[in-house]
Amino acid sequence: MVLVQAEAGKPKAISSRGRWRQVIEIDEIWRVEEGWWRRLPIRRTYFRVHLEADVDVTVFQDLVEATWWIQKY
């Protein structure tokens, strides 16, 4: 789980290694909804963002649990 400051459902700052980094630009947004037939379906909104200090990450909000995560590749 990761700490995210959001505004209108979009990330504005992300805490990474104990330091807040501002989101400079959101490069891409997409939503995944699947497994609606399961007890816990997957409902996520993904954001590929460019942070200050020239860092690019993908974060997603789990819409079922209302938590934020960094996508690991």
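# Notebook: an all-strand chain

**Entry 1. A loop residue before the last strand.** I began with Ala-66, which lies in the loop between strand E5 (55-62) and E6. I was working on a predicted model. I looked up the backbone of Ala-66 and found a positive phi of about 60°, although the residue is not a glycine. Is Ala-66 buried or exposed? Its relative accessible area is 59%, and the cut-off for exposed is over 50%, so Ala-66 counts as exposed.

**Entry 2. The residue that follows.** I then turned to Thr-67, which is placed in strand E6 (residues 67-70). The relative accessibility of Thr-67 is 16%. Buried means under 20%, and Thr-67 is therefore classed as buried. Which residues does Thr-67 contact, once neighbours within four places in sequence are left aside? I noted Met-1, Phe-60, Gln-61 and Asp-62.

**Entry 3. The chain as a whole.** I next listed the secondary structure and recorded 0 helices and 6 strands. Read from the N terminus, the elements run β-β-β-β-β-β. I looked up the extent of the C-alpha trace, which spans about 40 × 25 × 25 Å along its principal axes. The chain has 73 residues, and buried residues make up 32% of them. I recorded an exposed area of about 5,300 Å² for the chain, with carbon and sulfur atoms supplying 48% of it. For contacts between residues at least 6 apart in sequence, I noted that 29% join residues at least 24 apart.

**Entry 4. Charges.** How many positive and negative side chains does the chain have? I recorded 12 positive and 11 negative ones. The centres of the two sets lie 5 Å apart.

**Entry 5. The sheet.** I looked up how the strands are arranged. The 6 strands form an open sheet in the order E1-E2-E3-E4-E5-E6, with antiparallel pairing. Strand E1 (4-7) and E6 are the edge strands, and each of them pairs on one side only. I also noted the turn between neighbouring strands of this sheet, which is 30° on average with direction ignored.

**Entry 6. E2 and E3.** I examined the pairing of strand E2 (residues 10-16) with strand E3 (residues 19-34), which is antiparallel over 4 bridges. Which residue of E3 is the bridge partner of Ile-14? I found Arg-21. Ala-13 stands opposite Gln-22 in E3. The hairpin of E2 and E3 has 2 residues between the strands, and in this hairpin Arg-17 takes a positive phi near 55°.

**Entry 7. E3 and E4.** I moved along to strand E4 (residues 42-51), which is joined to E3 by 10 bridges and runs antiparallel to it. As one pair to mark on the display, I took Glu-33, whose bridge partner in E4 is Arg-43.

**Entry 8. Leu-51.** I selected Leu-51, which lies in strand E4. Why is Leu-51 classed as buried? The cut-off for buried is under 20%, and Leu-51 is buried because its relative accessible area is 2%. Not counting residues up to four places away in sequence, I listed its contacts as Ile-14, Arg-21, Gln-22, Val-23, Ile-24 and Val-57. Ile-14 and Arg-21 in this list are the bridge partners I had noted for E2 and E3. I also looked up the separation of Leu-51 from Lys-12, which stands 39 residues away along the chain, and recorded 9.3 Å between the C-alpha atoms.

**Entry 9. Ile-26.** I then selected Ile-26, which is placed in strand E3. The relative accessible area of Ile-26 is 27%, between the cut-offs of 20% and 50%, so I entered Ile-26 as partly exposed. Ile-26 touches Lys-10, Pro-11, Phe-47, Arg-48 and Val-49, with residues up to four places away in sequence not counted. How far apart in space are Ile-26 and Glu-52? The C-alpha to C-alpha distance is 12 Å, and the two residues are 26 apart in sequence.

**Entry 10. A loop residue between E1 and E2.** I closed with Ala-8, which is found in the loop between E1 and E2. Ala-8 has a positive phi of about 55° and is not a glycine. At 79% relative accessibility, over the 50% cut-off, Ala-8 therefore counts as exposed.

Definitions and conventions
Residues numbered from 1 in each chain as written. Predicted model: local features only at pLDDT ≥ 70, side-chain atom pairs only at ≥ 80, totals over all residues. Heavy atoms only, no water. Buried < 20%, exposed > 50% of the residue type's maximum accessible area, 1.4 Å probe, protein only. Contact = heavy atoms within 4.5 Å. Areas by Shrake-Rupley, 256 points an atom, 1.4 Å probe, with all protein chains shown as cover. Lys, Arg positive; Asp, Glu negative; His and termini not counted. Charge placed at Lys NZ, Arg CZ, Asp CG, Glu CD. Pairing = 2+ DSSP bridges. Axes fitted to C-alpha atoms, helices over the stretch in contact; angles between N-to-C directions.
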